[in-house]
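Here's a quick tour for anyone meeting this chain for the first time. Keep the sequence and the 3D view open while you read.

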Amino acid sequence: MYIYIGSDYLIDEEEVVGMFDIETTTTSYITRDYLTEAQKNGRIINVSSEIPKTFIVCRKKGEISVYLSQYSAATINKRRIFSR
């Protein structure tokens, strides 16, 4: 199954490690440090033209990617697309 996260991006549900609300999770310095390090290493993929509300951590073939989406985690969870 795939999940639509915005701006024509689909991610494989099996690759998702976690989906996090930016507003509530970035109050922790650990999360802020993680996102800063991910950005320094070029692992952030911003699929939002607006202020992001959610970040999604994905693992594909051992590589970690962090997607920023303008949609809330609840909205993203509703956008699951079945593959054929």
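## Starting in a loop

Let's begin with Asp8, which is found in the loop between E1 and E2. Keep in mind that you're looking at a predicted model. Asp8 isn't a glycine, yet its phi is positive, at about 65°. Is Asp8 buried or exposed? With 73% relative accessibility, Asp8 counts as exposed.

Ser7 lies in the loop between E1 and E2 too. Here again phi is positive in a residue other than glycine, with a value near 50°. Ser7 counts as partly exposed, because its relative accessibility is 37% and the partly exposed range runs between 20% and 50%.

## The three-stranded sheet

The strands on either side of that loop belong to an open sheet of 3 strands, ordered E2-E1-E7, with antiparallel pairing. Its edge strands are E2 and E7, and each of them pairs on one side only.

Take the pairing of strand E1 (residues 2-6) with E7: the two are antiparallel and share 2 bridges. If you want a spot to look at, find Ile3, which stands opposite Arg80 in E7. As a bit of background, strands of a sheet pair through backbone hydrogen bonds, either parallel or antiparallel.

## A salt bridge and a nonpolar patch

Arg80 has another job for your eye: its side chain meets that of Glu13 in a salt bridge, at 1.9 Å from N to O. This pair links distant parts of the chain, with Glu13 in the loop between E2 and E3, Arg80 in strand E7 (residues 80-81), and the two positions 67 residues apart. How many salt bridges does the count give? The count comes to 1. In general, side chains of opposite charge can pair when their charged atoms come close.

Both partners are partly exposed: Glu13 has a relative accessible area of 29%, and Arg80 has 31%. There's also a nonpolar patch on the surface, formed by Tyr2, Leu10 and Ile81, with about 260 Å² of accessible area together. Leu10 sits in strand E2 (residues 9-12) and counts as partly exposed at 47% relative accessibility.

## The four-stranded sheet

Now turn to the open sheet made of 4 strands, in the order E3-E5-E6-E4, where the pairing is mixed. Which strands stand at the edges? They are strand E3 (16-21) and strand E4 (44-46); each has a single partner strand, so one side of each is left without a neighbour in the sheet. From one strand to the next, the twist averages 20°.

Strand E5 (residues 54-60) and strand E6 (residues 63-69) run antiparallel and are joined by 7 bridges. Along this pair, Cys58 has Ser65 in E6 as its bridge partner, and Lys60 stands opposite Glu63 in E6. E5 and E6 form a hairpin with 2 residues between them, and Lys61 in the turn has a positive phi of about 55°. E6 also pairs with E4, this time in the parallel sense and over 3 bridges. There you can spot Ile44 opposite Val66 in E6.

## A helix on the sheet, and a look at E6

Helix H2 (residues 29-40) packs on this sheet and touches E4, E5 and E6, with its direction at about 110° to that of E6. How much of E6 is covered? E6 is mostly covered, with 6 of its 7 residues buried.

For a closer look at E6, pick Ile64, which has its place in that strand. What does Ile64 touch? Setting aside neighbours within four places in sequence, Ile64 is in contact with Tyr34, Arg43, Val57, Cys58 and Arg59. You can also check a distance on screen: Ile64 and Asp21 are 43 residues apart in sequence, and their C-alpha atoms are 18 Å apart in space. While you're tracing the strands, it helps to know that in a regular strand the side chains alternate between the two faces of the sheet.

How values were computed
Residues numbered from 1 in each chain as written. Predicted model: local features only at pLDDT ≥ 70, side-chain atom pairs only at ≥ 80, totals over all residues. Heavy atoms only, no water. Pairing = 2+ DSSP bridges. Axes fitted to C-alpha atoms, helices over the stretch in contact; angles between N-to-C directions. Contact = heavy atoms within 4.5 Å. Patch = residues over 30% accessible without salt bridge, like charges linked within 9 Å, V, L, I, M, F, W, Y side chains within 5 Å. Areas by Shrake-Rupley, 256 points an atom, 1.4 Å probe, with all protein chains shown as cover. Salt bridge = Lys/Arg side-chain N within 4 Å of Asp/Glu carboxyl O. Buried < 20%, exposed > 50% of the residue type's maximum accessible area, 1.4 Å probe, protein only.
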